[in-house]
Amino acid sequence: MKFCKPKQKSILSLDVGIKRIGLAYCDPLCITSNILPAVKRFDNNQEIKIIRNHIDKLNLTGFIVGIPLDEEGQMTTQAIDCKNYGQLLSNELKLPFSYVNEHSSTWESSNRFGIKKDKSGLIDSFSAKIILEQWIEEGPELEELAGKSQIKY
C-alpha cells in the first residue's frame, strides 16, 4: 500500500475506546498537534455534543478515527466498534473523515510519553495525537472517502 501526505487541514483525531475517547487536533498547516481532554463515552452518545463543541471552537474541518487492526491487518472486535462510531460521527457531524490503522498506538504513547496505569484518559488523548501524526505523514485524504463506505479491511 502506497502512502502519501494528505493536503494540510485542521482536523480532530479520535482514539475510540470502550469507556473513553481520546482527542487531539492539528493546526491548518499540520505543523503542531495538541491533545484535548478525553471524553467519557455514554450509552446515548451525548459525548458527540462535546466533540462538536471542540470542532466548532477550534474551527476544525474534518476528523480521523483510529482503527485498531491486528498484526495481520485484520479487523478486531474493537476495530468494528471504532468503525461503527466513525460512521455515527460522520452522520452527526457531516464532515469529511477517514480511518487510520492505529495498531499499538496506546503502547507507543505509554512508552513515548511515559504514561503508566492511567485512568484519567490522558493516555487515550496521547494515542489520538500519535494517530494524528501518522495521518499527517501517511494520509489518506479525507475527501477521498467522505460520505462513502470507507473501511476496506
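**Helix α4**

I listed the buried residues of α4 (122-138) in this predicted model. They are I123, D124, S125, F126, S127, A128, K129, I130, I131, L132, W135 and I136. Buried here means under 20% relative accessible area, exposed means over 50%, and partly exposed is in between (1.4 Å probe, protein chains only). Helices (H or I, at least four residues) and strands (E, at least two) are DSSP runs, numbered from the N terminus. So α4 is mostly covered, because 12 of its 17 residues are buried.

I then checked the length of α4. Its 17 residues reach 24 Å from first C-alpha to last, close to the 24 Å expected at 1.5 Å a residue. The expected span is 1.5 Å times one less than the number of residues. After α4 comes G139, with a positive phi near 75°.

**Ground rules**

I number residues from 1 along each chain as its sequence is written, and side-chain values use heavy atoms, with hydrogens and water left out. As the model is predicted, local features need pLDDT of at least 70 and side-chain atom pairs count only at pLDDT 80 or more, while totals for chains, interfaces and linings use all residues.

**Salt bridges**

I searched for a side-chain nitrogen of Lys or Arg within 4 Å of a carboxyl oxygen of Asp or Glu. That rule gives four salt bridges. I wrote up three pairs, starting with the one that involves α4.

R20 bridges to D124, with the closest N and O atoms 2.7 Å apart. R20 sits in strand β2 and D124 in helix α4, so the pair ties together parts 104 residues apart in sequence. R20 is partly exposed at 21% relative accessibility. D124 is buried at 12%.

R41 pairs with D81, again with closest N and O atoms 2.7 Å apart. R41 is in the loop between β3 and α1, D81 is in helix α2, and 40 residues separate them in the chain. R41 counts as buried at 16% relative accessibility. D81 counts as partly exposed at 24%.

R52 meets E92 in a salt bridge at 3.9 Å, N to O. R52 belongs to helix α1 and E92 to helix α2, so this pair joins parts 40 residues apart in sequence. Both ends are partly exposed: R52 has a relative accessible area of 30%, and E92 has 39%.

**Helix α2**

Next I looked at α2. It has 17 residues and reaches 24 Å between its first and last C-alpha, close to the 24 Å expected at 1.5 Å a residue. Its buried residues are A79, C82, Y85, G86, L89, S90 and L93. Down the helix axis they fall within an arc of 140°, so they line one face. I took the arc from the directions from the helix axis to the C-beta atoms. Residues three or four places apart point the same way because an α-helix has 3.6 residues a turn.

I asked what this face packs against. The buried residues of α2 pack against β1, β2, α1, β4 and β5. Contact means heavy atoms within 4.5 Å. Just after α2, K94 has a positive phi of about 55°.

I singled out A79 in α2. Its relative accessible area is 0%, so A79 is buried. Beyond neighbours within four places in sequence, A79 contacts I67, P68 and L69. The C-alpha atoms of A79 and G17 are 9.7 Å apart, across 62 residues of chain.

**Nonpolar cores**

I defined a core as buried Ala, Val, Leu, Ile, Met, Phe, Trp, Tyr and Cys residues joined through side-chain atoms within 4.5 Å. The largest has 24 residues, and L12, L14, I51 and F63 touch the most other members. At least two residues each come from β1, β2, β3, α1, β4, α2 and β5. The top contributor is α2, with five.

I followed I51 outward. Setting aside neighbours within four places, I51 contacts L12, L14, I21, L23, V39, Y85, L89 and L93. A second, separate core has 12 residues, including I11, V100, L132 and W135.

**Aromatic pairs**

I paired rings of Phe, Tyr and Trp (its six-membered ring) with centres within 6.5 Å; planes under 30 degrees apart count as stacked, over 60 as edge-to-face and the rest as tilted. The whole structure gives two pairs. F63 and F97 have centres 4.9 Å apart and planes at 10°, so they are stacked. F63 lies in strand β4 and F97 in strand β5, 34 residues apart. F97 and Y99 are edge-to-face, at 5.3 Å centre to centre with 80° between planes. F63 and F97 are buried, and Y99 is buried too. The ring pairs link F63, F97 and Y99 into a cluster.
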